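Trainee: Could you take me on a close look at one strand and its pairing, and then carry on to the parts of the chain you would inspect next? I'd like to follow along on the structure.

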Amino acid sequence: MLRMLCLLLLLPALGAGLPAPPRPDSVAIIYNSEIPESKELADLYAMGRGIPQDRLIGLPLPDKEEISREEYDTLIRKPLAAEFERRKWWDRARDGNGHLQIRSTRINILCCMRGVPSRILHPRPKPPEGEPAPPMTQEMQLATKSASVDSELTMLGIDGQSLVGALKNPYFSQNEPIAEAKLPILLVGRIDAHSWDVCKRMMADALAVEATGLWGYGVVDIAQKLPQGDQWMEDIARDLTEAGIPTLVDRSKDTLPVNFPLRDTAVYFGWYDWNVNGPFKNPKFRFKKGAVAAHLHSFSAAQLRNPSKNWSAPLLNKGAAATIGNTYEPFLHLTHHLNILNRRLLAGYSLVEAAYMACPALSWQAVVLGDPLYRPFLRLDGSGRKEADDKVFRALRIAKLRWPTDPLERENQLRSAAKRMNDPAFLEAVGLDLLARKNTALAASTFGEAKLLYTDQLDKLRMDLFVAMIDREGKRTAAAIQGLRDAKLRYSTLAESEAAAAWLNILDPPPPPPAQPKK
């Protein structure tokens with residue numbers, strides 16, 4: 001088995017042809033000319049991606065995340081449209097109503113650098129003095145003029161559009177490169193995060209991982225909140241597993257517990273909590289280089305300068321290279337359909353193309369954070385530079401390609417590899433695949449085998465937590481409680497034992513404190 005896997009890893013590309021990437025000269029970069037670091041970031045990005053210097057535009061902007069509609073029009077929209085005209089980046093003509101419309105364009109993608117405001121606020125009308133503000137209904141929220149700057153810029157070349165509410169995205173659910181789609185819209189991404197250093201790391205990681213490929217575990221945290229969102233997560237779990245990416249799926253209503261000992265996490269999708277929590281609160285946690293991570297929440301990108309608030313900024317601060325989010329309330333049906341996003345990324349599309357294929361609305365609340373041209377799964381075909389840390393995950397992908405419809409043979413081959421290479425990661429992957437196929441008893445046994453081979457206590461704890469998760473989902477509550485108690489005691493010196501304690505508190509909550517006697 002070892003020899004066969006080594007030979008397979010040397011094979012040329014095994015996958016189908018990838019979509020053509022966007023051309024560097026089809027990208028324009030917007031930065032804040034009042035902030036030197038914003039210009040520096042723009043220059044670094046242009047150099048790294050080979051984007052011509054004449055594609056950079058500096059605008060004098062306020063150093064703040066949120067601006068008014070008037071500021072957006074005066075400081076961003078009008079000057080930017082004037083630059084497009086001056087540089088002859090598009091050809092526009094007036095329609096029957098006298099509105100300018102794009103007939104052709106040389107620029108398909110805009111990249112906003114940190115320093116460019118991200119939110120356009122539409123304040124609520126003030127009630128008459130002395131009267132309470134009426135409650136915000138869904139109709140009122142859908143009729144807002146608030147939007148992300150980026151989503152508003154997608155319609156830069158089209159005049160006469162309503163500013164109220166969302167507009168239909170013609171690129172939604174498409175499956176062709178934006179250059180071939182010939183649509184009169186711009187795809188707008190953003191390199192923005194808690195700090196300038198995080199922004200630089202995001203860009204560097206994207207370039208580095210395109211050379212090697214993104215390899216690691218998938219994690220899907222299903223909230224059991226609403227059928228549509230839950231189905232997106234189920235689709236993601238299935239697609240990652242089918243791609244040969246070993247994937248942990250948590251179907252409990254609570255998110256993964258604090259300090260859950262994840263490792264080599266390359267892909268994360270979850271929902272639905274207001275602020276970052278669970279494994280990502282652990283100070284030691286870091287995503288795998290180049291990771292794609294997203295948590296579905298209404299205001300996930302509302303505070304990009306705070307690494308502990310909402311989700312987008314914290315995920316990037318923990319090492320992710322790419323995420324998506326919303327600046328204000330988007331409503332579930334108008335936010336990114338995460339299953340489409342994941343599917344298009346797996347197919348080899350760039351981050352910004354995949355994100356807009358996944359989002360039904362423009363002039364709305366979405367933002368795309370990370371190198372817009374980043375293609376994380378460029379090397380799923382087996383090509384690219386081989387790294388030692390990726391060898392197990394590459395082998396798992398090869399096994400999936402070699403035995404796609406024969407899970408028993410695939411399982412036997414991977415068990416043999418685990419024994420020959422003395423590597424329990426193969427067994428962990430087999431256990432996760434067995435869970436995906438609903439073979440929970442054999443999965444639990446396999447996690448037990450992996451635990452015996454693992455030497456790191458964190459890995460052993462994770463195997464125990466997997467077994468407790470199986471018992472919990474199988475309604476074997478007593479067994480789950482006993483397993484969690486044992487794990488909490490056995491790994492008490494580890495901060496990650498909090499994960500066992502958190503699940504234990506849900507399944508076997510401590511009694512309430514005695515009532516205080518009345519004075």
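**From one strand outwards**

Mentor: Happy to! Let's start with a single pair of residues: I30 has C112 as its bridge partner in β6. Keep in mind that this is a predicted model. The strand that holds I30 is β1, residues 27-32, and β6, residues 109-113, runs parallel to β1, with four bridges joining the two.

Now turn to another partner of β1. Strand β2 covers residues 56-59 and pairs with β1, again in the parallel sense and over four bridges. Here you can use I29 as your marker, as it stands opposite L56 in β2. To get from β1 to β2, look for helix α2, residues 36-49: β1, α2 and β2 together make a right-handed β-α-β unit.

How covered is β1 itself? Mostly: six of its six residues are buried. Its side chains are split between two directions, with V27, I29 and Y31 pointing one way and A28, I30 and N32 the other, and all of them are buried.

There is a second sheet worth a visit. Three strands make up this open sheet, in the order β3-β7-β8, and their pairing is mixed. The edges belong to β3 (66-68) and β8 (147-148), each with a single partner strand, so one side of each has no neighbour in the sheet. Between β3 and β7, residues 119-121, the pairing is parallel and counts three bridges; S68 is the residue to click on, since it stands opposite L121 in β7. Helix α3, residues 69-86, lies across β3, β7 and β8 and runs at about 90° to β3.

Next, a helix you can check with simple arithmetic. Helix α15 has 14 residues, 440-453, and at 1.5 Å a residue it should span 20 Å; its end C-alpha atoms are 20 Å apart, so the two agree. Which of its residues are buried? They are A443, A444, T446, F447, A450 and K451. These cover an arc of only 165° around the axis, which means that they sit on the same side of α15. The spacing has a general background: an α-helix has 3.6 residues a turn, so residues three or four places apart point the same way. On the face turned away from the buried side you will find the exposed residues A441 and L452. As for what covers the buried residues of α15, the cover includes α13 (407-421), α14 (424-436), α16 (457-473) and α17 (477-490).

Finally, some backbone details in the loops. The peptide bond from W271 to Y272 is cis, with omega near 20°, and Y272 is in the loop between β13 (265-270) and β14 (292-295).

Then there is F331, a residue other than glycine with a positive phi, near 70°. You can find F331 in the loop between β15 (323-326) and α10 (338-346). Is F331 buried or exposed? F331 counts as buried because its relative accessibility is 12%, and the cut-off for buried is under 20%.

K475 also has a positive phi, near 65°, and is likewise a residue other than glycine. K475 lies in the loop between α16 and α17. At 71% relative accessibility, K475 counts as exposed, as the cut-off for exposed is over 50%.

Conventions: Residues are numbered from 1 along each chain as its sequence is written. This is a predicted model: local features need pLDDT of at least 70, side-chain atom pairs count only at pLDDT 80 or more; totals for chains, interfaces and linings use all residues. Side-chain values use heavy atoms; hydrogens and water are left out. The expected span of a helix is 1.5 Å times one less than its number of residues. Buried means under 20% relative accessible area, exposed over 50%, partly exposed in between (1.4 Å probe, protein chains only). The arc is that of the directions from the helix axis to the C-beta atoms. Contact means heavy atoms within 4.5 Å. Two strands pair if DSSP finds at least two bridges between them. Axes are lines fitted to C-alpha atoms, for helices over the stretch in contact, and angles run from 0 to 180 degrees between N-to-C directions. A crossover is right-handed if, with the strands pointing away from the viewer, the path from the first strand over the helix to the second runs clockwise.
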